[in-house]
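New to this one? Here is a quick, informal tour of how the chains meet, how some rings pair up, and where one buried residue sits.

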Amino acid sequence: MSSHTELPELQEQFETPTQQKEASTLGMWIFLVTEVMFFGGLFLAYTIYRRQFAGAFGLASNTLNVVIGAANTAVLICSSFTMVMAVRAAQIGSRKALIVFLILTILFGGVFLGVKAYEWNEKFAEHHVPGPTFHLEGTTAQGPAQLFFSLYFTMTGLHALHMIVGEGLMLFLLWKAYAGKYSPSYYTPVDIGGLYWHFVDIIWIFLFPLLYLIARHQH
Amino acid sequence: MTGHIASIKSYTLVFVALLLLTLATTLVSTIDLGPFNVVMALFIAVVKMLLVALFFMHLRDSTILTKVVVGGGMLWLAILLVFSLMDFGTRGWLPVPGK
Amino acid sequence: MITEAIQERETYLNASYGIKSWLLTKDHKRIGLLYLHTITFFFFLGGIFATLIRLQLLTPKGGLVSADTYAKLFTLHGVIMIFFFLIPSIPATLGNFFLPLMIGAKDLAFPRINLLSWYLLVIGGCFAMYAMLAGGVDTGWTFYVPYSTNYSNTYVIATGLGIFIAGFSSILTGLNFIVTVHRMRAPGMTWFRLPLFVWANYATALIQVLGTPVIAVTLILLIGERSLHIGIFDPARGGDPVLFQHLFWFYSHPAVYIMILPALGIMSELVSVFSKKPVFGYKVVAFSSVAIAVLGFLVWGHHMFVSGQSVYAGLVFSFLSYFVAIPSAIKVFNWTATLHKGSISYATPMLYAFGFIGLFTVGGLTGLFVACLGVDVHVHDTYFVVAHFHYIMVGGTIMAYLGGLHYWWPKISGRMYPEGWAKLSALVIYLGFNLTFFPQFILGYLGMPRRYWNYPDEFQVLHVMSTAGASVLAVGYLMPLIYFMWSLRYGPIAGPNPWGATGLEWRTSSPPPAHNFDVTPIVTTDAYDYAALAAMEEAKVV
């Protein structure tokens with residue numbers, strides 16, 4: 001197919017670049033649906049146990065630092081903003097802006113992960129990690145309190161893992177952007193990389209209130 | 001994605017809205033609304049999700065198929081949660097010992 | 001008549017040579033064959049465990065293996081057969097090979113992801129084999145807690161990781177198929193001109209994408225509970241073992257529809273071509289596939305009637321379970337109507353199709369028995385359930401798979417299999433199957449529990465019948481293995497359309513060229529339009 005030689009980014013199995021872009025985009029959205037179901041199992045566990053152990057969950061939640069949590073949420077939202085600006089830059093063919101916004105996205109993501117690491121470290125220091133050394137002051141319901149933290153570490157841990165993969169994706173996009181691979185006629189990887197990034201942000205949009213804001217009206 | 005290029009202004013508005021909603025949800029959580037605390041928290045989270053999905057992820061300009069895919073995902077999550085809660089939420093309803 | 005030897009014409013088989021050209025291929029047809037080898041291996045491995053189980057159950061006191069070893073046998077049989085054979089089987093072999101051909105495409109939407117899917121199955125399989133060789137796993141394929149997390153001393157984590165990885169193989173296959181059917185159809189190939197095999201694989205793909213991620217996260221939680229005691233399923237910490245069952249069955253019930261839907265798709269193809277009639281009620285059959293996929297997600301609690309689940313939930317799940325039988329029954333009625341006044345041929349694929357109709361009906365009807373909450377309290381965890389699902393999985397899926405394999409063999413290999421031997425093995429399989437599994441309905445109803453290594457004396461006759469049947473069945477399965485391989489060298493060379501079938505895969509050579517079609521087809525006819533096919537053939541002769 002001569003069009004395949006003229007357009008090196010057009011893969012063999014596709015007839016036109018539009019078909020390729022539509023297929024790639026649909027594929028990413030379907031992948032994100034699988035991620036919804038994946039995290040969904042954890043949200044189910046959280047819902048069941050929060051209903052049953054509201055008191056212990058509230059108490060445990062209040063040991064998290066809400067200012068840091070909210071600030072970190074803001075950091076992630078900033079990274080989504082820079083991501084969408086990056087996609088826009090690719091759309092209008094502005095290579096420099098694309099590179100700058102990708103770097104900013106990576107930096108904001110890095111800050112988020114750093115803060116998360118700090119928070120986890122705090123939990124280790126306070127003996128709030130489930131296991132033989134666990135102890136939460138102010139309650140006899142040590143079992144359910146541990147359940148909260150098991151869910152906290154599992155959910156934020158898996159979220160962080162997805163963030164790390166996202167950082168890797170962003171670095172890949174940065175490399176390719178630097179090499180001049182993207183243009184208004186071909187920026188699909190940036191687009192679908194953005195979809196993944198925003199999705200991971202959405203997960204955090206739910207994790208923040210569910211983990212940090214359970215019982216802030218009770219101190 | 002139709003290639004329709006959104007303005008910096010609209011993205012910025014959504015960005016600021018997301019930050020404000022984050023602030024709002026944090027502040028609202030400090031007020032005792034009883035059972036409505038969790039309702040408010042989820043409501044605000046859903047609004048934030050919609051803003052990110054519709055504007056940042058360009059769902060607003062996407063094909064109907066994409067919207068069906070996203071809707072399907074939400075529906076399936078709801079099935080998982082609702083049908084499971086149907087068990088946990090109804091234990092002891094019927095006069096059968098142990099259930 | 002084909003006068004040139006296959007070797008002179010370029011096909012996907014000879015387009016390139018060497019192991020790298022297979023292990024790094026992007027060609028969906030080659031990937032389909034890679035999968036064929038892998039799942040055939042796992043089928044016979046799972047079969048070895050089945051053989052050992054049936055040998056153990058020849059006598060009431062057992063004596064072949066210990067109780068602990070027996071637990072490992074049925075666990076590994078289940079894990080291997082379900083996750084490494086049945087779930088990939090039809091979609092990853094016949095689906096991969098024929099979906100692009102049937103829609104007139106050059107390949108799937110994402111060929112490299114397709115190859116990755118195969119590697120993931122193989123890697124997952126390696127984890128499972130490691131667990132098997134290192135000492136096995138004894139929790140049952142359902143991994144119920146707290147046994148799997150707190151008490152079992154076997155390789156639960158390794159097996160769990162293997163299934164987790166294989167799950168991603170399934171997810172990616174499903175994702176690939178959905179995008180392919182939406183975006184890669186040839187001009188004129190509208191949704192309602194698609195072969196029903198495509199509809200079936202599409203519906204299956206929906207399940208793979210929506211359900212598998214849940215078991216993925218469940219296995220992570222299981223591993224977390226077993227290794228770190230996170231407490232999520234542990235009553236001592238406030239956890240609930242029934243939560244594990246909800247999460248497990250949310251996927252594992254739809255998984256059984258992953259296993260049967262593609263087989264139902266093959267059935268539509270076979271019944272049509274071997275009665276030379278369009279499938280009766282095409283649209284209804286197409287929609288019934290999607291209906292099964294959707295309804296299949298609403299009934300998982302029927303595996304949990306006696307688990308401690310609330311009675312109210314049990315009622316709802318039981319009620320909904322009756323609905324999921326309806327679209328399956330509709331298919332059987334429509335195939336029957338297709339046969340009516342058709343020009344019926346008794347070629348081997350059709351023999352498998354006939355066998356399927358009867359056995360699937362028995363399996364499906366006994367599903368209604370177990371869907372009934374009251375009856376299930378009596379037959380749960382007995383051989384009645386074992387018989388029910390083997391009638392569907394073996395009497396249904398495997399029969400359809402073999403039927404499809406025979407039907408499409410000439411297209412895949414360019415050779416015909418030996419018809420006489422094939423008919424004989426179909427018969428042997430049918431008889432062996434019924435002798436193996438029908439007694440198990442009776443055993444179960446009389447109270448023989450499943451997963452037991454021994455039993456009261458009065459059950460022996462039925463167990464001996466079952467084991468005898470299993471030996472016949474084993475012979476029946478070995479025969480195709482032998483003659484398919486034989487046919488690759490000595491089978492008669494096949495033309496492009498030996499069955500006179502409609503469908504785009506029959507418009508290209510046998511085997512197809514690497515790029516599938518020399519010219520992108522333009523579709524103007526419905527899926528099973530035999531009249532149009534005849535007119536086309538006439539026009540060619542003229």
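## Where chains A and B meet

In this predicted model, 47 residues of chain B are in contact with 45 residues of chain A. The size of an interface is often given as the accessible area lost when the parts come together. Here, the area buried between chain B and chain A is about 3900 Å², and carbon and sulfur atoms give 82% of that.

Which parts of chain B supply the side that touches chain A? Three helices, α1 (8-28), α2 (36-56) and α3 (64-88) of chain B, each supply at least two residues of that side. The largest share comes from α3(B), with 13 residues. Sorted by type, the residues on the side of chain B that touches chain A come out as 30 nonpolar, 15 polar and 2 charged.

As for specific links between chain B and chain A, the count is 0 salt bridges. Polar contacts do turn up: 2 residue pairs between these chains, both at pLDDT 80 or more.

## Rings that pair up

Over all chains, the count comes to 70 aromatic pairs. Two of them, from chain C, are set out here:

| Pair | Centre to centre | Angle between planes | Arrangement |
|---|---|---|---|
| F248(C) and W249(C) | 5.0 Å | 85 degrees | edge-to-face |
| W486(C) and Y490(C) | 5.9 Å | 40 degrees | tilted |

Take the edge-to-face pair: F248(C) and W249(C) are both buried.

Now for the tilted pair. W486(C) and Y490(C) both belong to helix α16 (residues 460-490) of chain C, and because they are 4 residues apart there, about one helical turn separates them. Are these residues buried or exposed? W486(C) has 39% relative accessibility, so it counts as partly exposed. Y490(C) has 54%, so that residue counts as exposed.

Over in chain A, ring pairs link a whole cluster: Y46(A), F57(A), W120(A), F124(A), F134(A), F148(A), F149(A), Y152(A) and F153(A).

## A look at T159(C)

Where does T159(C) sit? You'll find T159(C) in helix α7 (residues 156-183) of chain C. With 1% relative accessibility, T159(C) counts as buried.

What does T159(C) touch, if you leave aside its neighbours within four places in sequence? T159(C) is in contact with V79(C), A131(C), V137(C) and F143(C). For a sense of distance, try S275(C): T159(C) and S275(C) are 116 residues apart in sequence, and 45 Å apart in space, C-alpha to C-alpha.

Definitions and conventions: Residues numbered from 1 in each chain as written. Chains lettered and ligands numbered in written order. Predicted model: local features only at pLDDT ≥ 70, side-chain atom pairs only at ≥ 80, totals over all residues. Heavy atoms only, no water. Contact = heavy atoms within 4.5 Å. Buried area = accessible area lost by both parts, 1.4 Å probe. Salt bridge = Lys/Arg side-chain N within 4 Å of Asp/Glu carboxyl O. Polar contact = N/O pair within 3.5 Å; in protein donor to acceptor, adjacent residues only side chain to side chain. Nonpolar A, V, L, I, M, F, W, Y, C, P; charged D, E, K, R; others polar. Phe/Tyr/Trp six-rings, centres within 6.5 Å; stacked < 30°, edge-to-face > 60°. Buried < 20%, exposed > 50% of the residue type's maximum accessible area, 1.4 Å probe, protein only.
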